[in-house]
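This briefing introduces one structure to a reader who has not met it before. The notes below are grouped by topic and follow the display.

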Amino acid sequence: YSMHIAHAFWVAAGDAQQRTVSALESRGPAVANGGASTGLSQLLLIFGRSLVFTTFFKVMAGMLIVGLFHALMVLPVCLSLAFPVVDNNTPTRDGKPWKFDQLETTSECASPETRCASV
């Protein structure tokens, strides 16, 4: 979970607060959804009669709670304090920060409907 938030913070532009907000807005719902779906998939283990199943559920629930708390609360604060300024070595294109997931149409594409990734 934390790596998704850290990556979103890394590619975001702006100062520390803007990057943190951008990271949480872009990846936060997906991380929370992933945690919820993982917890939901493990929920049936609590009803098992075996100690192995109930123990596994407790371990997974603990990992989910701690992982989501750190990814959505602790990590954004730590990143904004540790990296307050965008590095000048951030990849740029035409003076604007370049996001790795942006696609644009280039003249090398076969047709106007085709979207080509810029390298």
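**How two helices meet**

In this predicted model, helices α1 and α3 pack at an angle of about 35°, and their axes lie 9 Å apart. From α1, the residues making this contact are S2, I5, A6 and F9; from α3, they are H70, A71, L72, L75, P76, L79 and S80. The crossing of α1 past α3 is right-handed.

**Length and bend of α3**

- Helix α3 covers residues 51-82, a run of 32 residues.
- From first C-alpha to last, α3 reaches 43 Å, close to the 46 Å expected at 1.5 Å a residue.
- A kink of about 40° occurs in α3, with its centre on H70.
- H70 is also one of the α3 residues in the contact with α1.

**Start of α3**

- The N-terminal end of α3 is capped by S50.
- A side-chain oxygen of S50 lies 3.2 Å from the backbone nitrogen of V52.

**Buried side of α3**

- The buried residues of α3 are T54, F57, M60, L64, G67, L68, A71, P76, L79 and S80.
- These residues pack against two helices, α1 (2-11) and α2 (16-42).
- An α-helix has 3.6 residues a turn, so residues three or four places apart point the same way.

**Q42 in α2**

- Q42 belongs to helix α2.
- Q42 counts as buried because its relative accessible area is 15%, and the cut-off for buried is under 20%.
- Leaving out residues up to four places away in sequence, Q42 touches F56, F57 and M60.
- F57 and M60 are among the buried residues of α3.

Conventions
Residues are numbered from 1 along each chain as its sequence is written. This is a predicted model: local features need pLDDT of at least 70, side-chain atom pairs count only at pLDDT 80 or more; totals for chains, interfaces and linings use all residues. Side-chain values use heavy atoms; hydrogens and water are left out. Helices (H or I, at least four residues) and strands (E, at least two) are DSSP runs, numbered from the N terminus. The expected span of a helix is 1.5 Å times one less than its number of residues. The bend at a residue is the angle between axes fitted to the seven residues ending there and the seven starting there. Buried means under 20% relative accessible area, exposed over 50%, partly exposed in between (1.4 Å probe, protein chains only). Contact means heavy atoms within 4.5 Å. A polar contact is a pair of N or O atoms within 3.5 Å; within protein, one must be able to donate a hydrogen and the other to accept it, and residues adjacent in sequence count only if both atoms are side-chain atoms. Axes are lines fitted to C-alpha atoms, for helices over the stretch in contact, and angles run from 0 to 180 degrees between N-to-C directions. A crossing is left-handed if the near helix is turned anticlockwise from the far one by less than a right angle, and right-handed if clockwise.
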